[in-house]
Amino acid sequence: PQTVVTQVRLCPALVCWSSDRSVAMEARPTREYIRFEVIDFNCKALSKTVPARHRTGGVFMYSGAIAMGANSVVLTFPEEVGNAGCPNFKLVPDWTTEQVLPWACKPGVSVKRVYCEQLAGSKVGSIKNQAVPRTVCMKMLGELKKFGGKGYELLIGGELEFTVMKPGDDKGWVPYFDGVDILATLQNSKSMEFSYDLERDMEAVGVDILTMNAEYGAGQLEIAFAPKFGAEACDMTATFRTGTKEIAQNRGLMASFMARPFGVAGVGNGGHFNFSLWSPDEAGAGSASAVADADDALSKTTAGKTNVLHGASDGDGLSAIARHFLAGVLAHASALEAVCAPTVPCYTRHGNWAPVVANWGFEDRTACVRVKADPAGNPSACYMELRLPSASANPYLVAAAVVAAGLDGLERKLELPPARQTKEQGAAPIPTTLEGALQALEQDHYMVDKLGKDFVRWYAAVKRAEEKFINDALATGGRSDEEVSKAWQHMYLEYL
């Protein structure tokens, strides 16, 4: 009798089987693809997927791509892009960031990603577009490393909160689980299968997840991860955000880092930015000599370096460098808010575990900067937690802004105000609207000079266009809480 063979695509190591007897067949080789990826102002990944055989052929992208909104119904056209006829310009890949993305692969298909910057022209010798977030970040990290010839590096860690959703009955999205039972084991377990998949795939791309738990919101999770230095840390956060969203999408779910996915009040998604400042240890031992367990992730990352924020001789455990750097951050906090709270819903977080004035305090979760330091403690454990950022903030831009502000404090040796200052005692109020924060950034000439006029102009235009789109949509209807929430969701929910 005639043999009928049913072919099934499998990975190369597998074989196909006939309906009545096994027949070994030569499987097709794995197809390899590379995503050439640029991260925009909203930390939204923009990419072109290229067969790996064309990896060196040059990849071009629309020159104004990063000037699109969180939802591309918003399009802005920077002057130089429009004047040039909206051309495509070449992407500049950083091949040290090339990684296989396990959640994007399938049998017979391997998918990698490489982070890119972009040129600002088509001629030989064209410079990079100075508005691209990763380019802005690399510039500021370079200035930090050169400052005083000290080789300073920023160690960045932290935690991100996000909301997991499932399809609702009305074709909308609803929280994956209900309740506000933060840390409750039974609440954690409602999303643990998702969290297990997330942790497994993230480890494969160097995102070292430390803890996973339910937060104080319906469908809300918090993931903390081990710190890394400089651009690698920002790449890690961008990878985590895009990967989390894609893993959820593969399950028929949605994950959103939008500051407030549901409603217009209460606790939202935060993205606290933990940082410390390190220099090469000339003695060769570094702060690792003070670490009891040299096998922990922090010790491995910081081996051979010294945490210059720690001051063993200071009663509070803070060095003069720490005080000057923190003073700079506080001095420019209003401008920082523009990149730390980049969307309209971010400003509903104020007073809900998000700061309202530019102050600091030891272990103070209500302060703008929460400081952890102990003169007799492990130097590696000394760090600062900037509590301004929502989960929507772009990590490259937050890092760049923190470095710029901190450098001002170091250069001018700014004096740190007393801890836990109130507005009445002199602490500057944090802007309460997106427009107010954008104006604070534009009027902070130091920050504009450091971050770049092109970046500030492009960024502010996109942010204002997003808000205008929301306001225009609400103007045709009503402004009930439900209508406001839907307008916010339309702009931010899916891609943030």
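C86 is partly exposed in this predicted model, with a relative accessible area of 31%. C43, by contrast, is buried, its relative accessible area being 3%.

**Cysteines**

A disulfide is a covalent bond between the sulfur atoms of two cysteines. Which cysteine sulfur is closest to the sulfur of C43? It belongs to C234, and because the two atoms are 9.3 Å apart, they are too far from each other for a bond. With a cut-off of 2.5 Å between sulfur atoms, the structure has a count of zero disulfides.

**Salt bridges**

The structure contains 27 salt bridges. Three of them are set out below.

| Pair | Closest N to O distance |
|---|---|
| D94 and R134 | 3.1 Å |
| E143 and K450 | 2.7 Å |
| R370 and E385 | 3.4 Å |

The salt bridge between D94 and R134 starts from D94 in the loop between β4 (88-93) and β5 (99-100) and reaches R134 in helix α2 (residues 133-146), so it ties together parts that are 40 residues apart in sequence. R134 is buried, with a relative accessible area of 5%. Both residues also belong to a network of salt bridges that links D94, E117, K128, R134 and D235.

Helix α2 also takes part in the salt bridge between E143 and K450. E143 lies in that helix and K450 in helix α11 (residues 445-451), so the contact joins parts that are 307 residues apart in sequence. On which side of the cut-offs do the two partners fall, buried or partly exposed? E143 is partly exposed, at 26% relative accessibility, while K450 is buried, at 12% relative accessible area. The limit for being buried is under 20%.

In the salt bridge between R370 and E385, the partners come from two strands. R370 is in strand β15 (residues 369-372) and E385 is in strand β16 (residues 383-386), so the pair ties together parts that are 15 residues apart in sequence. Both R370 and E385 are buried.

**The largest pocket**

Rolling a probe the size of a water molecule over the atoms shows where empty space is left. The largest pocket has a volume of about 850 Å³. Its lining consists of 39 residues, and those closest to the centre are E159, E222, N274, R370 and E385. R370 and E385, the salt-bridge partners described above, are thus named here as well.

Which element supplies the largest share of this lining? Strand β7 (153-167) does, with six residues. At least two lining residues each come from β7, β9 (209-214), β10 (220-229), β12, α6 (297-302), β15 and β16.

**The surface and one helix**

A nonpolar patch on the surface is formed by V180, I182, L183, Y216, V267 and W353, which together have about 570 Å² of accessible area. One member, V267, is placed in the loop between β11 (254-256) and β12 (273-280). V267 counts as partly exposed, its relative accessibility being 33%.

G328, in helix α7 (residues 320-331), offers a contrast in cover: G328 is buried, with a relative accessible area of 0%. How far apart are G328 and A265 in sequence and in space? They are separated by 63 residues in sequence and by 31 Å in space, taken from C-alpha to C-alpha.

Terms used. Residues numbered from 1 in each chain as written. Predicted model: local features only at pLDDT ≥ 70, side-chain atom pairs only at ≥ 80, totals over all residues. Heavy atoms only, no water. Buried < 20%, exposed > 50% of the residue type's maximum accessible area, 1.4 Å probe, protein only. Patch = residues over 30% accessible without salt bridge, like charges linked within 9 Å, V, L, I, M, F, W, Y side chains within 5 Å. Areas by Shrake-Rupley, 256 points an atom, 1.4 Å probe, with all protein chains shown as cover. Salt bridge = Lys/Arg side-chain N within 4 Å of Asp/Glu carboxyl O. Helix = DSSP H or I, 4+ residues; strand = E, 2+ residues; numbered from the N terminus. 1 Å grid on protein atoms, 1.4 Å probe; cavity = no way out; pocket = protein on both sides within 12 Å on 5 of 7 lines; lining within 4 Å. Points joined across faces, edges and corners; volume = space filled by probe spheres on them.
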